[in-house]
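Please open the model in a viewer and keep the selection tool at hand. The tour proceeds by selecting one part after another.

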Amino acid sequence: MSSARLLSRALVGPSHTARLAKSAQLSTRLMSTEVRKTPRSLPSFSMEGKVAVLTGAGRGLGYEFCKAFVQSGCTTLAIVDLKDSEAKDAAAELSAYACSVGGLKPEEVNFIGVGCDVSSEISVQKAFSEVINTYGRVDSVVASAGIVENYSAFDYPFDRIKRLYDINVHGAFFTAREAARNMIPQGGGSIVLVASMSAQVVNIPQPQTPYNASKAAVRHMASSLAVEWAKKNVRVNCLSPGYMATKLTKTILDHDTALKKTWESLTPMGRIGEPDDLSGAVVYLASDASRFTTGTELRVDGGYCVI
Ligand SMILES: NC(=O)c1ccc[n+]([C@@H]2O[C@H](COP(=O)([O-])OP(=O)(O)OC[C@H]3O[C@@H](n4cnc5c(N)ncnc54)[C@H](O)[C@@H]3O)[C@@H](O)[C@H]2O)c1
């Protein structure tokens, strides 16, 4: 046998081929076990290493957004809400949640609760100072604090209308402005303003003109700020939920089954959203997964606005 033949036999001979086949089988098995055991997702959706600030996060959607961030690896959060004690209680609950779902030790989780009235610019500035003093930076901010009231136009007292705009519109603006002031020097960040499908449609049957107008303002505020800060790498988007089953809406709907039926029948998907139906959307907008997305509205409404 020629030396070349001997060499090729040594390289690709039966024992070598068998070894290759065995190792291929083994790696296929290992890979399939790994795929089964390890949930995989696009790394850019991770909130690991990000400092997140969420207003109106003591309860409702804001609280649910915190849980979504925790599930996506966020370990540094500021929970901002009107009552300091409620914000701190929520921070403690969410820390326990992070330890139970994420298998983290309490010392690996940094969650603070901060009392703040978003309708006061000074209060918002103080809240951000506390965050910066504690964590040194801020990467993702969600402005979820907001209120809704149902009055017909002729019955709505002006002081209440003013309060609604102070919270929903000016509160979102103060939050975004303070976020950007801190994000620009550090090289960028992502801001999510929570608007509503009411920015686009007129809800029926309940009258809520100032609320609808306030959310239309928030939606256009997101686009306008996005353009102002685009070159500074601060992205601003808005998330517009449809009807969601938060504690607040549940309380109303439990007493008014006819209203629940109306809302469900007006929604093509035939149901009211669960708060965690928004998880993917808020994580997308807050994380690097949306790094080329700014000034946009992401509607999550079961199809309500398309009919
Ligand atoms: N739930 C829905 O169906 C729905 C639908 C569309 C949009 N939204 C919007 O989502 C956001 C959250 O709504 P939610 O259902 O979670 O309401 P919610 O009432 O359950 O929670 C709102 C939170 O904001 C806080 N807040 C109110 N005024 C504040 C202030 N001045 N300063 C700081 N915090 C304040 C409250 O204390 C509360 O914790 C709101 O902006 C709302 O308009 C909700």
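The following stops lead from the whole chain to the sheet, its helices, the ligand and some loop residues.

**The whole protein**

Begin with everything displayed as a cartoon, and bear in mind that this is a predicted model. The secondary structure comprises 10 helices and 7 strands. Of the 307 residues of the protein, 39% count as buried. Among contacts between residues at least 6 apart in sequence, 74% join residues at least 24 apart.

**The sheet**

Next, select the strands. In what order do the 7 strands of the open sheet lie? Reading across, the order is β3-β2-β1-β4-β5-β6-β7, and the pairing is parallel. At the edges are β3 (110-115) and β7 (297-300), each of which pairs on one side only. From one strand to the next, the twist averages 15°.

**Strand β5 and its neighbour**

Now restrict the selection to β4 (residues 140-143) and β5 (189-194). These two strands pair in the parallel sense over 4 bridges. Show the residues that face each other across the pair: Val141 stands opposite Ile191, and Ala143 stands opposite Leu193.

Is β5 enclosed or open to the outside? Since 6 of its 6 residues are buried, β5 is largely enclosed by the rest of the structure. In a regular strand the side chains alternate between the two faces of the sheet. Colour Gly189, Ile191 and Leu193 on one side of β5, then Ser190, Val192 and Val194 on the other; all of them are buried, and both faces of the strand are thus covered.

**Helices on the sheet**

Add α7 (209-229) to the view. Helix α7 packs on the sheet, where it touches β5, β6 and β7, and its direction makes about 165° with that of β6.

Then select α10 (residues 279-286), which lies across β1 (51-55), β4, β5, β6 and β7 and runs at about 145° to β5. Why is α10 described as largely enclosed by the rest of the structure? The reason is that 6 of its 8 residues are buried. These are Ala281, Val282, Val283, Tyr284, Leu285 and Ala286. The buried residues of α10 pack against β1, α3, β4, β5, β6 and β7.

**The nonpolar core**

In soluble globular proteins, nonpolar side chains tend to be buried together. The largest nonpolar core here holds 75 residues, and those touching the most other members are Cys66, Phe69, Ile79, Val80, Leu193 and Val282. Helix α6 (residues 158-186) contributes the largest share of this core, with 9 residues. Two residues from earlier stops return in that group, Leu193 and Val282.

Centre the view on Val80. Leaving aside residues up to four places away in sequence, Val80 touches Val53, Leu54, Thr55, Ala57, Ala87, Val114, Cys116 and Ala127.

**Around the ligand**

Which residues come nearest to the ligand? Of the 29 residues around the ligand, they are Gly56, Gly60, Ala145, Gly146 and Ser196. Colour the shell by residue character: 13 of its residues are nonpolar, 12 are polar and 4 are charged. Helices α3 (60-71), α6 and α8 (247-255) each supply at least two residues of the shell.

**Two details of the backbone**

Most residues other than glycine have a negative phi, and most peptide bonds are trans. The last stops include an exception to each of these tendencies.

First, select Ile204 and Pro205: the peptide bond from Ile204 to Pro205 is cis, with omega near 5°. Pro205 is found in the loop between β5 and α7.

Then move to the loop between α7 and β6 (234-241), where Asn233 lies. Asn233 has a positive phi of about 65° although it is not a glycine. Is Asn233 buried or partly exposed? With 15 other C-beta atoms within 10 Å, Asn233 is partly exposed.

Finally, select Lys232, which is found in the loop between α7 and β6. Lys232 is partly exposed, with 14 other C-beta atoms within 10 Å. When residues up to four places away in sequence are not counted, Lys232 touches Ile184 and Gly188. To end the tour, draw a distance between the C-alpha atoms of Lys232 and Met183: they are 49 residues apart along the chain and separated by 8.7 Å.

Technical notes:
Residues are numbered from 1 along each chain as its sequence is written. This is a predicted model: local features need pLDDT of at least 70, side-chain atom pairs count only at pLDDT 80 or more; totals for chains, interfaces and linings use all residues. A nonpolar core is a set of buried Ala, Val, Leu, Ile, Met, Phe, Trp, Tyr and Cys residues joined through C-beta atoms within 7 Å. A residue is buried if 20 or more other C-beta atoms lie within 10 Å of its own, exposed if 12 or fewer, and partly exposed in between; C-beta atoms are placed from the backbone. Two residues are in contact if their C-beta atoms, placed from the backbone, lie within 7 Å. Two strands pair if DSSP finds at least two bridges between them. Axes are lines fitted to C-alpha atoms, for helices over the stretch in contact, and angles run from 0 to 180 degrees between N-to-C directions. A residue is near a molecule or strand if its C-beta atom, placed from the backbone, lies within 6 Å of it. Ala, Val, Leu, Ile, Met, Phe, Trp, Tyr, Cys and Pro count as nonpolar, Asp, Glu, Lys and Arg as charged, and the others, Gly among them, as polar.
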